[in-house]
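Let's take a walk through a protein model together, one stop at a time. Have the picture ready and follow along.

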Amino acid sequence: MTAVTAAAAAAGANHDASPAVIDRTGALSILARCDELAAYSTLPNGLIRRVYLTDEHRAVNALAAGWMREAGMTTWQDPAGNQCGRLEGRTPGLPALLLGSHLDTVPSAGRYDGILGVLTAIAVVDRINTLGIDLPFALEVVAFGDEEGTRFGRALLGSRALAGTFDPAWLDLTDDDGITLRDAYSAFGLDPDALAPATDSALFRGAAARRPEDLVGYLEAHIEQGPYLEEAGQPLGIVSSIAGARRFAITVTGVAGHSGTPFDRRHDALAGAAEIVTLIERTARDAGLIATVGHLEVFPNAVNVIPGRVDLSLDLRAASDSDRDRVWTEIDAAMTALCSARGLTVSVTQTHNAPAVACAPHLRAAVAAGIRAATASPAEPLLLLSRAGHDGMAVADVTDIAMLFIRCRGGVSHHPDEHVTPADVAVATDAFEAAILSLVTAAS
Ligand code: GLV
Ligand code: MN
Ligand code: MN
């Protein structure tokens with residue numbers, strides 16, 4: 001008997017999973033499903049870009065719903081376009097342990113960021129359903145529709161809706177084609193008014209929003225998106241906390257003009273923006289946190305015209321919100337001084353603010369028990385800070401969360417070269433199953 005089947009027996013399983021289920025929930029099937037979802041993209045040549053409230057979103061929700069039903073779950077799409085599935089516990093209507101991650105992607109994405117977590121969760125529910133375990137709580141899988149914020153520039157829209165922290169002002173956000181989030185919901189067949197304010201309250205608990213009393217917690221499996229598991233030679237780790245992130249849209253305005261203009265007469269917005277980029281890198285590096293300028297647009301973007309305006313993004317992350325906020329204040333002041341010395345103006349809009357989130361000790365302990373069972377190692381698993389953002393940081397507003405990290409090659413993510421091995425996916429699925437079973441045993 002393996003440690004995972006022992007965990008299943010302890011949780012009340014009285015038989016082994018059938019060969020069909022072992023096949024359907026094994027690493028190769030999970031990876032084949034990741035490949036299948038990768039085909040739903042708006043980019044050509046095998047590149048992946050799949051964003052919120054699009055035909056591709058609809059298609060992957062339908063596929064995921066089919067897999068959820070095959071795993072024994074009842075399914076529905078919530079008012080925010082999150083695909084949900086539920087396996088009832090020993091009596092209908094019990095609070096649920098949520099399992100999940102996201103199905104949307106960045107542009108030129110890999111095929112595992114978010115997706116692997118959803119498919120692992122479905123596979124584990126499938127196994128637990130087949131084993132006929134007497135569950136003291138329901139299990140729900142949520143495939144979030146928007147984690148990355150690629151389309152509307154505001155991350156975690158799906159998980160914020162679930163957590164009841166969806167701000168109705170976001171309905172006026174627009175995508176690159178000027179389509180509002182409100183119109184995108186309508187075009188997707190969802191009622192934007194189900195996400196509009198029902199009261200005067202600034203934050204709306206819409207119909208997608210869950211109540212804390214209906215939840216047991218939230219577990220998410222995700223590729224590490226960092227090099228530390230690979231460096232340590234470990235397939236799996238536990239997340240201690242998720243770094244807080246703030247994002248800003250910065251506009252530097254100068255004066256466009258002929259490229260024959262002498263230097264002392266110029267107000268070149270791009271030269272100023274370039275200094276801002278290196279200022280940001282230097283300041284963040286010196287303070288021991290991370291910052292990325294990943295988007296830059298130059299106007300009018302012509303070879304013989306001095307740039308009159310530059311729009312740039314800033315994504316700033318730290319384990320501690322106060323460190324992050326202090327560094328932002330420093331960057332903001334230095335940026336303003338630098339622009340004024342060059343005769344430029346700078347304006348800033350904050351587009352995202354997510355505080356750092358600590359994983360709950362009891363759920364962390366369950367994930368650690370799952371890893372120990374699956375790896376047959378008594379050693380304490382590696383504890384990692386997640387510098388990447390995750391749906392869990394929004395879900396933490398409504399229930400306790402914890403995360404299982406899976407080694408990925410070279411720590412590469414948000415890139416087509418994202419890679420995981422079947423062996424790591426196999427041990428991750430066993431660990432995720434054993435983590436849930438340890439919560440079942442504790443609650444039974
Ligand atoms: C999402 O992957 C993020 O960390 O921005
Ligand atoms: Mn991502
Ligand atoms: Mn992700």
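How far apart are the manganese ion (ligand 2) and the manganese ion (ligand 3), and which residue coordinates both? Keep in mind that this is a predicted model. The two ions sit 3.5 Å apart, and D113 is the residue that coordinates both.

Let's take the manganese ion (ligand 2) and look at who holds on to it. Its protein donors are D113 (OD), E148 (OE) and H414 (NE2), at 2.1 to 2.2 Å. Along the chain, these donors follow the spacing D-x34-E-x265-H. D113 lies in the loop between β3 and α5, while E148 lies in the loop between β4 (138-144) and α6 (157-163), so this pair ties together parts that are 35 residues apart in sequence.

Now hop over to the manganese ion (ligand 3). Here the protein donors are H102 (NE2), D113 (OD) and H222 (NE2), lying 2.0 to 2.2 Å from the ion. Their spacing reads H-x10-D-x108-H. H102 belongs to strand β3 (residues 96-102), and D113, in the loop between β3 and α5 (115-131), is 11 residues away from it.

Are these donors buried or exposed? H102 and D113 are both buried. D113 counts as buried because its relative accessibility is 7%, and the cut-off is under 20%. E148 is buried too, with a relative accessible area of 11%.

Time to leave the metals and look at charged side chains. Side chains of opposite charge can pair when their charged atoms come close. In this model the count comes to 24 salt bridges.

One of them joins D126 and R24, whose closest N and O atoms are 2.7 Å apart. D126 is in helix α5 and R24 in helix α2 (residues 19-24), so find two spots 102 residues apart in the chain. D126 is buried, with a relative accessible area of just 2%.

Helix α5 also carries R127, and E433 lies in helix α13 (residues 422-443), so their pairing ties together parts that are 306 residues apart in sequence. The side chains of E433 and R127 meet in a salt bridge at 2.8 Å, N to O. Both residues are buried.

For another pair, try D311 and R309, with closest N and O atoms 2.7 Å apart. D311 counts as buried at 15% relative accessibility, whereas R309, at 34%, counts as partly exposed.

Last stop: R86, E88, E140 and R210 are linked in a network of salt bridges.

Note on methods. Residues are numbered from 1 along each chain as its sequence is written. Chains are lettered from A and ligands numbered from 1 in the order in which they are written. This is a predicted model: local features need pLDDT of at least 70, side-chain atom pairs count only at pLDDT 80 or more; totals for chains, interfaces and linings use all residues. Side-chain values use heavy atoms; hydrogens and water are left out. Donors are N, O and S atoms within 2.8 Å of the metal (3.2 Å for Na, K and Ca); water is not among the atoms, so sites may look incomplete. Helices (H or I, at least four residues) and strands (E, at least two) are DSSP runs, numbered from the N terminus. Buried means under 20% relative accessible area, exposed over 50%, partly exposed in between (1.4 Å probe, protein chains only). A salt bridge is a side-chain nitrogen of Lys or Arg within 4 Å of a carboxyl oxygen of Asp or Glu.
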